[in-house]
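Here is a brief report on the side-chain contacts and metal site of one protein. Take a look at the structure before reading on.

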Amino acid sequence: VPPESYGNLLQHFTGSKDHNVALRERAVKDGLSVSEYSITVVESGDELRYGSEAEVYERLGYQFIPPELRENAGELEAARKGELPKLVELADIKGELHCHSTWSDGRHTLEQMALAVRERGYSYMAITDHPRGTLAEQDLEVDQLNERLKPFRILKGIEVNIRVDGSLSLPDGELAVRDWVIASLHGAFDRNPTERVLAAMDNPHVDCIGHLTARKINIRPPAEIDFESVVPRAVETGTFLEINSQPNRLDLRDTHARLAGEAGVKVAVNTDAHELRALQHVEMGVAQARRAWLTKDQVLNTRTWPQIEKLLK
Ligand SMILES: [Zn+2]
Ligand SMILES: [Zn+2]
């Protein structure tokens with residue numbers, strides 16, 4: 001393929017197949033034939049070669065369609081009307097809302113985590129260690145670090161377990177004084193998972209549900225959560241959902257994240273990092289958010305902490 005056909009080539013082989021089939025079928029109706037070499041105007045035999053994908057889409061009558069959206073899931077229709085969303089970008093993320101340290105099962109200290117998060121250019125981090133009976137000591141360390149690192153801010157978060165009866169692994173009184181509360185399923189995934197998540201969302205202190213289905217790709221299947229009942233309850237109660245960016249979780253999955261966004265739920269893109277290098281998984285979470293059509297506004301942590309605080313229950 002000659003360099004002047006690079007856009008045609010890239011578009012052709014980027015896929016998905018469903019996207020390209022639909023695109024070519026529509027082109028045929030317009031008297032055009034699309035290949036990896038060119039767009040052929042059937043009537044005149046003219047071969048149109050383009051160096052960029054954007055030009056290919058433009059000639060075919062579309063807005064540029066980002067590769068993440070090429071699933072034949074409504075993107076062609078939206079692009080023809082010029083109504084594609086402006087997708088969230090990595091640079092929009094302003095803070096980390098789910099991570100662990102040596103205060104629970106993390107590999108690095110709170111200080112190491114905070115410094116690494118600040119190094120990413122973020123302005124805040126919620127430390128969400130699992131309860132280990134050491135919250136008072138941890139909070140003292142948070143205060144000291146916040147004094148040293150300001151204006152960077154560590155929020156006093158927690159990740160509580162949603163128990164089999166739907167109750168949480170810390171009493172309400174202790175949750176009430178946390179800055180940020182994540183509730184997650186960590187076991188007994190086959191025992192009323194939907195009812196347990198709904199009960200957790202009803203708790204006035206729970207801000208966000210962590211890794212909703214608890215799936216671990218290639219390790220265990222997702223819990224059978226009835227997403228159709230979770231989303232309206234999230235809207236009603238003002239509870240956020242997360243895209244957990246761990247490569248073997250990516251939970252919410254893209255189709256669910258899209259439905260959540262469309263229903264008006266703000267989705268946090270979190271790493272759930274248990275070590276420094278896992279903080280970079282935010283890239284995978286943002287990619288997942290883009291596949292879900294999410295805009296900057298639909299992603300919670302594109303906001304500063306004071307802006308998020310105003311949205312809490
Ligand atoms: Zn968890
Ligand atoms: Zn976690």
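The report covers the metal site, the salt bridges, the aromatic rings and the cysteines.

This is a predicted model.

**Metal site**

Start with the zinc ion (ligand 1). Its protein donors are Glu159 (OE), His186 (NE2) and His211 (NE2). They lie 2.1 to 2.2 Å from the ion. Along the chain, these donors follow the spacing E-x26-H-x24-H. Glutamate 159 also bridges to the zinc ion (ligand 2), and the two ions lie 3.4 Å apart. Glutamate 159 belongs to strand 6 (residues 153-161). Histidine 211 is in the loop between strand 8 (208-209) and helix 9 (227-237). The pair links distant parts of the chain, 52 residues apart. Both glutamate 159 and histidine 211 are buried.

**Salt bridges**

The structure holds 17 salt bridges. The table gives three of them.

| Basic residue | Acidic residue | Closest N and O atoms |
|---|---|---|
| Lysine 86 | Glutamate 89 | 3.4 Å |
| Arginine 107 | Glutamate 275 | 3.1 Å |
| Lysine 266 | Aspartate 297 | 3.6 Å |

Lysine 86 is exposed, at 63% relative accessibility. Its partner, glutamate 89, is partly exposed at 37%.

What does the salt bridge between arginine 107 and glutamate 275 tie together? Arginine 107 lies in the loop between strand 4 (95-99) and helix 5 (110-119), and glutamate 275 in the loop between strand 10 (267-270) and helix 11 (282-291), so the pair joins parts that are 168 residues apart in sequence. Arginine 107 is exposed at 59% relative accessible area, whereas glutamate 275 is buried at 18%.

Lysine 266 and aspartate 297 form a salt bridge. Lysine 266 is in the loop between helix 10 (254-263) and strand 10, and aspartate 297 in the loop between helix 11 and helix 12 (305-309), so this pair ties together parts 31 residues apart in sequence. Lysine 266 is partly exposed at 22%. Aspartate 297 is partly exposed too, at 47%.

Salt bridges can also link up. Arg26, Asp30 and Arg80 are joined in a network of them.

**Aromatic rings**

The structure holds five aromatic pairs. In one of them, the rings of tyrosine 57 and tyrosine 62 have centres 6.3 Å apart and planes at 80 degrees, so the pair is edge-to-face. Tyrosine 57 is buried at 0% relative accessible area, and tyrosine 62 is buried at 7%.

Tyrosine 124 and tryptophan 305 have ring centres 6.0 Å apart and planes at 55 degrees, so that pair is tilted. Tyrosine 124 lies in strand 5 (residues 124-127) and tryptophan 305 in helix 12, so the pair ties together parts 181 residues apart in sequence. Tyrosine 124 is buried at 1%. Tryptophan 305 is buried at 3%. Tyr124, Trp180, Phe240 and Trp305 form one aromatic cluster.

Charged ends sit over rings as well. That of arginine 80 is over the ring of tyrosine 62, 4.4 Å from its centre. That of arginine 258 is over the ring of tryptophan 293, 3.9 Å from its centre.

**Cysteines**

How many disulfides does the structure hold? The count is zero. The sulfur of cysteine 99 is 13 Å from the closest cysteine sulfur, that of cysteine 208, so the two are too far apart for a bond. Cysteine 99 is buried at 0% relative accessible area. Cysteine 208 is buried at 0% as well.

Key. Residues numbered from 1 in each chain as written. Chains lettered and ligands numbered in written order. Predicted model: local features only at pLDDT ≥ 70, side-chain atom pairs only at ≥ 80, totals over all residues. Heavy atoms only, no water. Salt bridge = Lys/Arg side-chain N within 4 Å of Asp/Glu carboxyl O. Buried < 20%, exposed > 50% of the residue type's maximum accessible area, 1.4 Å probe, protein only. Helix = DSSP H or I, 4+ residues; strand = E, 2+ residues; numbered from the N terminus. Disulfide = S-S within 2.5 Å. Donors = N, O, S within 2.8 Å, 3.2 Å for Na, K, Ca; no water. Phe/Tyr/Trp six-rings, centres within 6.5 Å; stacked < 30°, edge-to-face > 60°. Lys NZ or Arg CZ within 6 Å of the ring centre and 35° of its normal.
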